[in-house]
Amino acid sequence: MDKLLQKFIKEIPTMENKDDLINRYMKSIDDNIDPSIYLKQLKLSYKEFERWLHDLLNSEMISDEIVALNFGLFENEYTIQLYITGSKEWEFDDDDWACNNDYFPKGRYASINIYKELKILLENEFDLGLFMTIATTIILVNTYVTCYPNKLPQNIKLATGFDDGDIYNLN
């Protein structure tokens, strides 16, 4: 799964190029899957993500001391929860930076509907659910950064992953 996600990240997936990428990568995991419903949900979910992150960054700005942001994921009873934290330090080969809470905003938890569906997918088809959850976050973050390049500090490092798993650096 790591190699597949690393390959996916290198393609710099966004809402603009997601259709072909999601089709290819989903089919490489499960050839019987139809990604059309997911792709429709993703479009709506980007709007939720954009609104959440825009509001958060406007109300709880990131200081220039923060060099890395982690868009973390964890499971709860009903959904997969997406949140954001930031760190004053970052190392490519050491994921411990993601545990720093130097930027720990009150509004750090996002409420995005697609993660409820991804929780069900993760429970029923673990590999596909894991890939799609992390891929979704990658697409949401990459799209936001592309659309709003001045909303985040320049040269900030971005990552995502499950709290109990690997961290994937996006840039």
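# Exercises on a mixed sheet and its helices

In this predicted model, strand β1 is mostly covered, since 6 of its 8 residues are buried. The exercises below start from this strand and work outwards.

**Exercise 1. Work out in which order the strands of the sheet are arranged, and which strands stand at the edges.**

Step 1. The open sheet is formed by 5 strands, and reading across it gives the order β3-β2-β1-β4-β5, with mixed pairing.

Step 2. β3 (109-110) and β5 (168-169) each have a single partner strand, so one side of each is left without a neighbour in the sheet, and these are the strands at the edges.

**Exercise 2. Determine in which sense, parallel or antiparallel, β1 pairs with β2, and in which sense it runs with β4.**

Step 1. Begin with the general background: strands of a sheet pair through backbone hydrogen bonds, and they may do so in either a parallel or an antiparallel sense.

Step 2. Between β1 and β2 there are 8 bridges, and the pairing is antiparallel. A pair of residues to look for in the structure is F71 with I84 of β2, which stand opposite one another. The two strands form a hairpin, with 4 residues between them.

Step 3. Strand β1 (residues 68-75) is joined to strand β4 (residues 157-162) by 6 bridges, and here the two strands run parallel. To follow this along the strands, note that A68 has K157 of β4 as its bridge partner, while L73 has F162 of β4 as its bridge partner.

**Exercise 3. Describe how β4 is covered and how it pairs with β5.**

Step 1. Of the 6 residues in β4, 5 are buried, so that the strand is mostly covered.

Step 2. β4 pairs with β5 in the antiparallel sense over 2 bridges, and T160 can be found opposite Y168 of β5.

Step 3. These two strands also form a hairpin, in this case with 5 residues between them.

**Exercise 4. Establish which strands helix α4 lies across, and how α4 is oriented relative to helix α5.**

Step 1. Helix α4 (residues 114-124) lies across β1, β2 (80-87) and β4, and it runs at about 110° to β2.

Step 2. Turning to its helical partner, α4 packs against helix α5 (residues 126-147) at an angle of about 155°, and the axes of the two helices are 6 Å apart. Because angles over 145 degrees count as roughly antiparallel, α4 is roughly antiparallel to α5. The crossing in which α4 passes α5 is left-handed.

Step 3. The contact can then be read residue by residue: α4 contributes I114, Y115, L118, L121, L122 and N124, which meet F126, L128, G129, L130, M132, T133, T136, T137 and L140 in α5. Sorted by character, the residues of this contact comprise 10 nonpolar and 5 polar ones, with no charged residue.

**Exercise 5. Decide whether I156 is buried or exposed, and name the residues with which it is in contact beyond its sequence neighbours.**

Step 1. I156 is located in the loop between α5 and β4.

Step 2. Its relative accessible area is 6%, and because buried means under 20%, I156 is buried.

Step 3. When neighbours within four places in sequence are left aside, the contacts of I156 are with I62, I66, V67, A68, L69 and N171. One of these, A68, is also the bridge partner of K157 in β4.

Step 4. A separate distance can be checked in the structure: I156 and G86 lie 70 residues apart in sequence, and their C-alpha atoms are 9.8 Å apart in space.

**Exercise 6. Two residues, I12 and N155, have a positive phi although neither is a glycine; find where each lies and whether it is buried or exposed.**

Step 1. I12, with a phi of about 50°, lies in the loop between α1 (2-10) and α2 (18-29). Its relative accessibility is 54%, so I12 counts as exposed.

Step 2. N155, with a phi of about 65°, lies in the loop between α5 and β4, where I156 is also placed. N155 has a relative accessibility of 70% and therefore counts as exposed, whereas I156 is buried.

Methods. Residues numbered from 1 in each chain as written. Predicted model: local features only at pLDDT ≥ 70, side-chain atom pairs only at ≥ 80, totals over all residues. Heavy atoms only, no water. Pairing = 2+ DSSP bridges. Contact = heavy atoms within 4.5 Å. Axes fitted to C-alpha atoms, helices over the stretch in contact; angles between N-to-C directions. Parallel < 35°, antiparallel > 145°, perpendicular 65-115°, else oblique. Left-handed = near helix turned anticlockwise from the far one by under 90°. Nonpolar A, V, L, I, M, F, W, Y, C, P; charged D, E, K, R; others polar. Buried < 20%, exposed > 50% of the residue type's maximum accessible area, 1.4 Å probe, protein only.
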